[in-house]
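Hi there,

Here is the structure I said I'd pass on. Have a look at it first, then read my notes underneath.

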Amino acid sequence: MASRHPSAPPQALAPGTADLENPLYYLENTETLVGWVRDHHADLLTAAERDRLAGFFALSQPARALLTRLVMRTGEHFRADRLNYPELGVAEAVALTELIDGDWLDPAPTLELDQLFRLYTLPELRPVFADDLADLGQPRSLAKARMRELLQAHYPEPRTVTDWLGPAAAPVVRINQMALFDRVRLMFFGNLRQSWSDFVLVELGHQRYETVPFTPDARAFARREEVDHYLVMHQCRQWLDEGVPAAEVWPEVPAPVANPWLTSRRDRLLLELGRQAEREGERELALQALAASGHREARLKRLRLLERLQRFEQAWDLACQWQMTPLSDAEIQGLGRILKRLARRLDRPSPLPDVRSRPEAWTLELPRPGHGSVELAVAKHLGQDQAPVYYVENTLINGLFGLLCWSTIFAPLPGAFFHPFHTGPADLPRDDFLARRRDAFDRCFGHLADGSYRQRMRDTFVRKQGLANPFVIWPVLTEALLDLALDSIPAADLRLLFERLLLNIREHRSGWPDLIQFLPEDDRDSAGRRYRMIEVKGPGDRLQDHQRRWLAFFEARGIPASVCYVRWQSQDAPS
């Protein structure tokens, strides 16, 4: 990936061409990232920010590489004498001078005492603070952390390195444009959780990505104010993580905006604020934050808190209201448990029936394998030429869904894709993922109804082979497995499974049975099925909640699934 001259016109960015054999490959990836934001989000940047990004490309290659290295590192302050990057091709001091002259670096920043102690060693600090320690009655041999703790109250104001340590001290530089680099990172990733290293230190070429058109209408951020809104929410979350009291963070939470994916971020922030407020004993604030959050976990959290506050009538009324709204399986399960407890408290009949599934279960006794998993041992034991068994766990049905609905999964909706290197839409785990694509998914399921789904999925399997998809695991989904699945699993079953998957993708992508066995043609039932799914449990293992929910669904829909409990044969048992 050749570096582009700043005067070169914008061009399509080819994913994954940085060469790891080039010691400056991290710079090539950085230029891709910065260039992408410059070319696709110019209207969301101020004139000064656009000039700064143009100035980045105008720097010499060594200066760009050094600045990239500093931006990737933790913090904003760095000792000039500790910079050692031989791949620059020039002395670090030369690149530093260019960055200082261009106002990218501050050569004389002020440092808090904590920053000073992070940058300098104990032998460098002891002579400077020897008199202070003596005045405090402390020995010179005091540990660094303890020394910093004792001196904190005596040095509340920041100072330059020269003022702290004298003119002979190793100089420190500070990145001047970190706020701009954070803004660029946000517009590229769509979050600030991912660091520069997540992108610039990976070989993009090891994976091929689906091409998604980037139009102004498909961008996640439509206005600069939305970027600012995200940055404020990020600051609030940082404060919570740093232990700032929830009551102090609460007034800083920004008001809602008419942007669905930013609303989702705000809902998550309010959920975390509510949790922290409860831990701090601020229960009324916790209730207020949880009530304001639209996150699916906030509702049950709020009900449990009302229970602890013994506001049983209020909790009952809310639970009965929520019972009438669409719920995920996990919410139904959690709500059922709460209603059962409240019904006992209030001496009322529970409005939810206590329905417990009893999946078909059987026991298999096998010799203990010398190596390999219990699932593979069962697959080997059960498999036959006319009835092969595959260890698929969470890959097969998810993969079939990914093939059928490929174009819908990669639809360029706002907040779904931020750059050309996504393995899937960023809003995949959000509650509104299905709602924003409902019509498109209905069209996909129309292929199941008219019988065209087999050819559509086989065509997609060939055309998209190897492209990243969050549902398709290519090494597992072979052509032979695909053909068997399409011949053995009726379209009606696939629709049931796909529809449940879409109800809560984050939860329902897992919990599938470990094995699938395809049965001979003669064993096809009246519904066209000739397969069975098998959940394997080794000695001492038991079903988890999300597995139980899948098994209950299979049982209710007549989908063949069972649980195989494995016992190991004793050493002296006859073979």
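Below is what I found, going through one helix, one strand and one loop.

A word on the source: this is a predicted model, where local features need pLDDT of at least 70, side-chain atom pairs count only at pLDDT 80 or more, and totals for chains, interfaces and linings use all residues. Residues are numbered from 1 along each chain as its sequence is written, and side-chain values use heavy atoms, with hydrogens and water left out.

Let's start with helix α3, residues 61-72. (Helices are DSSP runs of H or I with at least four residues, strands are runs of E with at least two, and both are numbered from the N terminus.) Ten of its twelve residues are buried, so the rest of the structure largely encloses α3. Buried here means under 20% relative accessible area, using a 1.4 Å probe and protein chains only. Among those buried residues are R64, L67 and M72.

Next, find V536 in strand β9 (residues 531-537). V536 is buried, at 1% relative accessible area. What does V536 touch? Leaving out residues up to four places away in sequence, its contacts (heavy atoms within 4.5 Å) include V374, E375 and V378. Those three are also buried residues of helix α18 (residues 374-382), and the buried residues of α18 pack against β9, among other strands.

Last, R530 sits in the loop between β8 and β9. R530 still counts as buried, at 11% relative accessibility. Its side chain reaches the backbone oxygen of L519 at 2.5 Å.

Cheers!

Conventions
The expected span of a helix is 1.5 Å times one less than its number of residues. Buried means under 20% relative accessible area, exposed over 50%, partly exposed in between (1.4 Å probe, protein chains only). A polar contact is a pair of N or O atoms within 3.5 Å; within protein, one must be able to donate a hydrogen and the other to accept it, and residues adjacent in sequence count only if both atoms are side-chain atoms.
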